[in-house]
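Hello,

Here is the structure I promised to pass on. Please open it first, then read my notes below.

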Amino acid sequence: MDFSKLNFGVDGDSITANKQWSWRVFENLGMATHHNVAVGSAVWYKRTLSCANGSVTTQDYNSPDFAGISDGWEPTDDIEELQKRANNCAVVHIQRFISEVKSGEYPVPDVFAFAMGTNDTAECLGDVNMALTGKSLDNNENIDLFTEAGAMRWCIQRIMEEYPLARVFVLTPIQTAMPDHNEKIETQINTVMRKVAGAMGAQVVDCFHNCGICEKFEVEGGKGKYLRDGLHPDIEGQLLEGDYATKEIRNNMF
């Protein structure tokens, strides 16, 4: 396949933002464009956040009063900043991606990759069976966008409906230096991510087990073999994940 004519769309969190593993894929395959809407600290789902000055709920990207998106994560009582953090989710990212394509800023994607879930909480995984109920997203009360299952189904289906010729991939989170965190990630992979992606016909790329980054060689809060702080890949880790994702995308394009 001639990847030089294909446009690459990407969404994710801090492990995907800017020029990390997805840029490596883009370069390895010699793709035409790279449109990345990943933002650090992101989750799949909408949410309500509270502070001393009140509470806020995720806005839609095209809302007239949309406050923006922030990758902040440290405690804050700034209600505007908190609103921007609440907006930092895949649902809003995908609304933004589609808006940017429609405006002509970026081309229609031929390949789209999601790489979310590292920051999702165990309490927000949701009911997969409910999330997959029905065929349409419109007026479907079973799809709870405040859960990982519901948001994941919505995001994948929106991309597939908007770009019916695009091949969609879902990358699992990588291992971190924290065993408890990895246990949470593996649970969400097995109970939500594989099931939703499989039901939607999206290819799962198992970075958690297969990309070469392993908890046993990483240091919580410090520099390990491939993670600079126990969570985020250093340059070598980014290249390793990118090379694995390259192989999986190249071998599963059809």
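Strand 1 is a good place to begin. It is mostly covered, with 6 of its 6 residues buried. Keep in mind that this is a predicted model.

Look at how the residues of strand 1 are arranged. N7, G9 and D11 point one way. F8, V10 and G12 point the other way. Both sets are buried. In a regular strand, side chains alternate between the two faces of the sheet.

Next, follow the chain onward. From strand 1 it passes through helix 1 (residues 21-29) and reaches strand 2. This β-α-β crossover is right-handed.

Now the sheet itself. It is open and has 5 strands, in the order 2-1-5-6-7. The pairing is parallel. Strand 2 (33-36) and strand 7 (203-205) are the edge strands, and each of them pairs on one side only. From one strand to the next, the twist averages 20 degrees.

Which strands does strand 1 pair with? One partner is strand 2: the two run parallel and 4 bridges join them. Here V10 stands opposite N36. The other is strand 5, also in the parallel sense, over 5 bridges. In that pairing, G9 has F112 as its bridge partner.

A helix packs on this sheet too. Helix 5 (residues 148-162) touches strand 5 (111-115) and strand 6 (167-171). The direction of helix 5 makes about 155 degrees with that of strand 6.

Then turn to helix 6, residues 179-200. Does its length look regular or irregular? At 1.5 Å a residue, its 22 residues should span 32 Å. The end C-alpha atoms are 30 Å apart, which agrees. Still, helix 6 has a kink of about 45 degrees, centred on I189.

I189 is also one of the buried residues of helix 6. Others among them are H181, N182, K184, I185 and Q188. Further along come V192, M193, V196, A197 and M200, buried as well. What do the buried residues of helix 6 pack against? Their partners are helix 4 (128-131), helix 5, strand 6, strand 7 and helix 7 (207-210).

One last detail sits just past helix 6. G201 follows the helix, and its phi is positive, near 75 degrees.

Best wishes

Note on methods. Residues are numbered from 1 along each chain as its sequence is written. This is a predicted model: local features need pLDDT of at least 70, side-chain atom pairs count only at pLDDT 80 or more; totals for chains, interfaces and linings use all residues. Side-chain values use heavy atoms; hydrogens and water are left out. Two strands pair if DSSP finds at least two bridges between them. Axes are lines fitted to C-alpha atoms, for helices over the stretch in contact, and angles run from 0 to 180 degrees between N-to-C directions. Contact means heavy atoms within 4.5 Å. Buried means under 20% relative accessible area, exposed over 50%, partly exposed in between (1.4 Å probe, protein chains only). A crossover is right-handed if, with the strands pointing away from the viewer, the path from the first strand over the helix to the second runs clockwise. The expected span of a helix is 1.5 Å times one less than its number of residues. The bend at a residue is the angle between axes fitted to the seven residues ending there and the seven starting there.
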